[in-house]
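Work through the exercises below with the structure in view. Each task is followed by a solution in steps.

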Amino acid sequence: MLDRALKGSQGYWGWLVFLLVLMGIGAGCWLYQFFEGLKITGMSRDVSWGLYIGQLTYFVGVAASGVMVVLPCYLHNYKAFGRITILGEFLAVSAIIMCLLFVFVDLGNPVRIMNVILYPTPNSILFWDMIVLNVYMLLNIIIGWNVLAAERKGIHYQKWIKVLIYISIPWAFSIHTVTAFLYAGLPGRHFWLTSIMAARFLSSAFCAGPALLILLCLIVRKVTRFDPGKEQIRTLAGIVTYAMLINVFFFLLELFTAFYSQIPGHMHPIVFLFKGLDGVGNLAPWMWAATVFAVISLILLVVPSTRRNEGTLAVACAVLIAATWIDKGLGLIVAGFTPNPFETVTKYWPTTPEVLITIGVLATGFFVLTVLYKVATSIKTEVAA
Amino acid sequence: MGLDRREFLKIAGMAALFGLGGKAAIDIFAPGELEASMEGIPVSKGKRWAMVIDIRKCLAQQAKDKDGCKQCIIACHRAHNVPDWGDPKIEIKWIWQDSFEHSFPDQHNPYIEEELRHQPVILMCNHCVNPPCVRVCPTQATFKREEDGIVCMDMHRCIGCRFCMAACPYGSRSFNWGNPRKAPKELNPDYPTNRDYPERCKGVVEKCDFCVERIARGELPACVEACDKIKAHALTFGDLADPNSNVRKLLKEHYTIRRKPELGTEPNLFYIV
């Protein structure tokens with residue numbers, strides 16, 4: 001099946017080469033980081049996680065969102081999604097690859113990564129995160145590949161695949177819950193120490209992931225002969241709308257608790273994000289942009305005519321992705337460390353090599369995604385023909 | 001399987017318990033250096049090590065020196081090969097000073113004595129009874145020694161994920177953002193300062209370990225020794241499990257506070273204000 005990835009148009013190869021160049025630049029910067037240490041990044045002793053861990057968090061959400069196609073299809077027998085489950089599963093696979101790479105590039109001592117397996121530590125959430133992410137990736141590779149292979153041969157996939165599909169549904173929820181637990185159980189980090197964290201993560205994942213999937217479906221329709229379908233995109237848009245409303249609602253709950261209780265520890269990180277604290281306010285323009293994007297996306301999604309129009313829907317999805325990315329991929333991590341345990345503020349902004357490494361990892365993920373989507377769409381068109 | 005570091009530390013502790021200091025112990029144990037203050041304290045026998053920091057005595061000593069006293073910091077950082085990066089964003093500190101206001105943010109009080117508010121307080125790892133850093137470490141590179149409660153750090157197992165830094169509510173953990181050997185030469189002319197203490201590579205976390213290597217030999221932690229040497233006696237190290245110990249006596253006689261006690265970490269550092 002993989003041979004389908006070797007036959008493609010000029011645009012296909014051009015895109016892959018473009019991604020390879022970005023991957024090469026990222027790899028070069030990573031080597032520089034490997035030899036010089038993480039001091040080449042914008043992180044510091046006060047803000048000791050940054051862009052990398054933010055991306056990990058964001059893309060765990062994208063990976064988990066695959067379940068929003070799988071669940072209606074297999075639990076509610078919503079047949080229309082049968083056409084695009086493969087796109088959801090392969091998106092999950094490439095998102096998890098990005099997640100694992102983001103953890104890897106964040107490690108101070110990557111050569112010792114196997115210590116996590118050599119000294120298994122059940123009391124560490126990171127240990128469980130490693131397990132759930134890897135298993136979820138394997139589940140999606142096995143399920144996606146086998147279902148696609150069966151479709152190619154015109155037979156029904158084997159029974160044991162169905163078992164794996166049922167396992168993969170709660171598993172998708174687990175990966176983002178465990179990722180939220182990385183943050184939500186740390187004493188003294190007020191912004192993260194909230195029991196709604198996992199719920200917020202899931203809601204933002206279930207809007208951002210399907211929004212990305214809608215954009216991918218539109219691209220697939222444009223560049224391949226496979227059409228993911230109008231109804232499919234319309235149903236996805238409904239899911240995105242509900243999830244985004246819940247996501248914004250959960251965020252407003254956080255604002256209420258912080259500002260009605262007026263406990264400084266709860267207010268400070270939010271004030272830092274939207275206004276700045278102790279003269280450091282570099283994230284404020286971003287957070288306000290995210291707010292505007294969120295409002296625009298909600299208007300476009302809630303109004304039926306703009307939601308059903310694929311042009312305006314694409315705009316809604318793009319601004320929604322931008323809004324959730326700023327919130328989760330940038331603000332969440334930095335605000336968790338701000339103010340620091342001494343209630344002072346240290347500024348964080350990623351450096352150029354740090355951004356290039358991040359882009360390199362993203363390019364790797366999209367490279368895998370392109371190849372997997374090429375295989376999937378080629379086979380789907382062959383079967384249809 | 002060979003000895004791992006953890007086992008080695010345990011054996012070293014036991015050896016000291018039976019007076020079997022190794023050759024290295026004798027080499028370093030220069031005669032005449034033993035401070036009078038540690039007489040009568042069975043340093044290698046503690047069940048729950050703790051420290052009482054007398055801020056008043058420390059401040060009195062600070063006032064004597066026009067640049068402020070930093071003897072404990074200098075001694076510790078020399079003993080443990082802690083480089084000076086000259087950059088607060090990536091600095092490594094096992095023991096350091098910060099203002100009272102920053103050290104005890106939960107004691108918020110805008111009308112507290114001006115004197116105290118901006119005065120430096122000595123800070124280091126709290127060696128919590130319930131350490132969040134140990135809970136989150138995915139490789140057990142940081143662990144609590146059950147026999148004496150010291151929160152140790154195996155810098156040769158650490159993968160540098162920095163989860164412990166996110167978990168520590170006291171900012172007591174430092175990461176090697178760069179290679180310690182590449183720290184600016186003009187700030188570290190004689191680095192490494194102690195050839196008998198292990199060096200570490202970039203990308204690992206480190207912190208105060210109550211001088212496990214010294215107490216195994218029956219010596220006091222380097223900071224305490226340095227403070228006693230100048231007769232300030234602001235730092236008292238002892239066994240909290242022993243009701244008759246020096247630290248228990250101080251705790252009985254003085255009102256003491258701990259950093260962020262509401263988090264349930266149970267710090268083993270106590271401050272006399």
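**Exercise 1. A helix and its surroundings**

Task: Find which helices of chain A the buried residues of α10(A) pack against.

Solution. The buried residues of α10(A) pack against α9, α11 (284–302) and α13 of chain A. The model is a predicted one. Next, list the residues concerned: Gly265(A), Met267(A), Pro269(A), Ile270(A), Phe272(A), Leu273(A) and Phe274(A) are buried in α10(A). Finally, look just past the helix, where Gly276(A) has a positive phi of about 105°.

**Exercise 2. Positive phi outside glycine**

Task: Locate Gln262(A) and His233(B), and decide for each how far it is exposed.

Solution. Start with Gln262(A), whose phi is near 55°, a positive value in a residue other than glycine. Gln262(A) belongs to the loop between α9 (230–261) and α10 (264–274) of chain A. Its relative accessible area is 53%, and exposed means over 50%, so Gln262(A) is exposed.

Turn to His233(B), a residue other than glycine with a positive phi, near 50°. The loop between α10 (222–229) and β8 (235–239) of chain B holds His233(B). The relative accessibility of His233(B) is 32%, so this residue counts as partly exposed.

**Exercise 3. Cis peptide bonds**

Task: For the cis bonds that lead into Pro339(A) and Pro192(B), give omega and the place in the chain.

Solution. In chain A, the bond from Thr338(A) to Pro339(A) is cis, and its omega is near -10°. Pro339(A) lies in the loop between α13 (310–336) and α14 (352–384) of chain A. In chain B, the peptide bond from Tyr191(B) to Pro192(B) is cis, with omega near -5°. Pro192(B) is in the loop between β6 (174–175) and β7 (205–206) of chain B.

**Exercise 4. Aromatic pairs**

Task: Describe the pair of Trp49(A) and Tyr183(A), then that of Phe104(B) and Tyr271(B).

Solution. A pair of aromatic rings is described by the distance of the centres and the angle of the planes. Over all chains, a search of the whole structure finds 29 aromatic pairs. For Trp49(A) and Tyr183(A), the ring centres are 6.1 Å apart and the planes stand at 90°, so the pair is edge-to-face. Trp49(A) is in the loop between α1 (10–36) and α2 (51–64) of chain A, and Tyr183(A) is in helix α7 (residues 159–184) of chain A, so the pair ties together parts 134 residues apart in sequence. Trp49(A) counts as buried at 4% relative accessibility, and Tyr183(A) counts as buried at 0%.

The pair of Phe104(B) and Tyr271(B) is edge-to-face, with 5.2 Å from centre to centre and 90° between the planes. Phe104(B) sits in the loop between α5 (100–103) and α6 (114–117) of chain B, and Tyr271(B) in strand β10 (residues 269–272) of chain B; the pair links these distant parts of the chain, 167 residues apart. Phe104(B) and Tyr271(B) are both buried.

As a last step, place Trp49(A) and Tyr183(A) in a wider group: with Trp192(A), Phe201(A), Phe337(A) and Phe163(B) they form one aromatic cluster.

**Exercise 5. Charges over rings**

Task: Which rings lie under Arg45(A) and Lys374(A)?

Solution. The charged end of Arg45(A) sits over the ring of Trp96(B), at 6.0 Å from the ring centre. Lys374(A) lies over the face of Tyr12(A), 5.3 Å from the centre of the ring.

**Exercise 6. Two helices in contact**

Task: Describe how α3(A) packs with α4(A) and sort the residues of their contact.

Solution. Helix α3 (residues 67–74) and helix α4 (residues 85–106) of chain A pack at an angle of about 145°, with axes 8 Å apart. The crossing of α3(A) and α4(A) is left-handed. From α3(A), Val69(A), Val70(A), Cys73(A) and Tyr74(A) meet Thr85(A), Gly88(A) and Glu89(A) of α4(A). The residues of this contact comprise four nonpolar, two polar and one charged.

**Exercise 7. A glycine in chain B**

Task: Is Gly46(B) buried or exposed, and which residues does Gly46(B) touch?

Solution. Gly46(B) is in the loop between α2 (23–28) and β1 (49–54) of chain B. Its relative accessible area is 11%, and buried means under 20%, so Gly46(B) is buried. Leaving aside residues up to four places away in sequence, Gly46(B) touches Glu147(B), Asp148(B) and Asp239(B). Gly46(B) and Asp242(B) are 196 residues apart in sequence, with 8.1 Å from C-alpha to C-alpha.

Definitions and conventions
Residues are numbered from 1 along each chain as its sequence is written. Chains are lettered from A and ligands numbered from 1 in the order in which they are written. This is a predicted model: local features need pLDDT of at least 70, side-chain atom pairs count only at pLDDT 80 or more; totals for chains, interfaces and linings use all residues. Side-chain values use heavy atoms; hydrogens and water are left out. Helices (H or I, at least four residues) and strands (E, at least two) are DSSP runs, numbered from the N terminus. Buried means under 20% relative accessible area, exposed over 50%, partly exposed in between (1.4 Å probe, protein chains only). Rings of Phe, Tyr and Trp (its six-membered ring) pair if their centres lie within 6.5 Å; planes under 30 degrees apart count as stacked, over 60 as edge-to-face and the rest as tilted. A charge sits over a ring if NZ of Lys or CZ of Arg is within 6 Å of the ring centre and within 35 degrees of the ring normal. Axes are lines fitted to C-alpha atoms, for helices over the stretch in contact, and angles run from 0 to 180 degrees between N-to-C directions. A crossing is left-handed if the near helix is turned anticlockwise from the far one by less than a right angle, and right-handed if clockwise. Contact means heavy atoms within 4.5 Å. Ala, Val, Leu, Ile, Met, Phe, Trp, Tyr, Cys and Pro count as nonpolar, Asp, Glu, Lys and Arg as charged, and the others, Gly among them, as polar.
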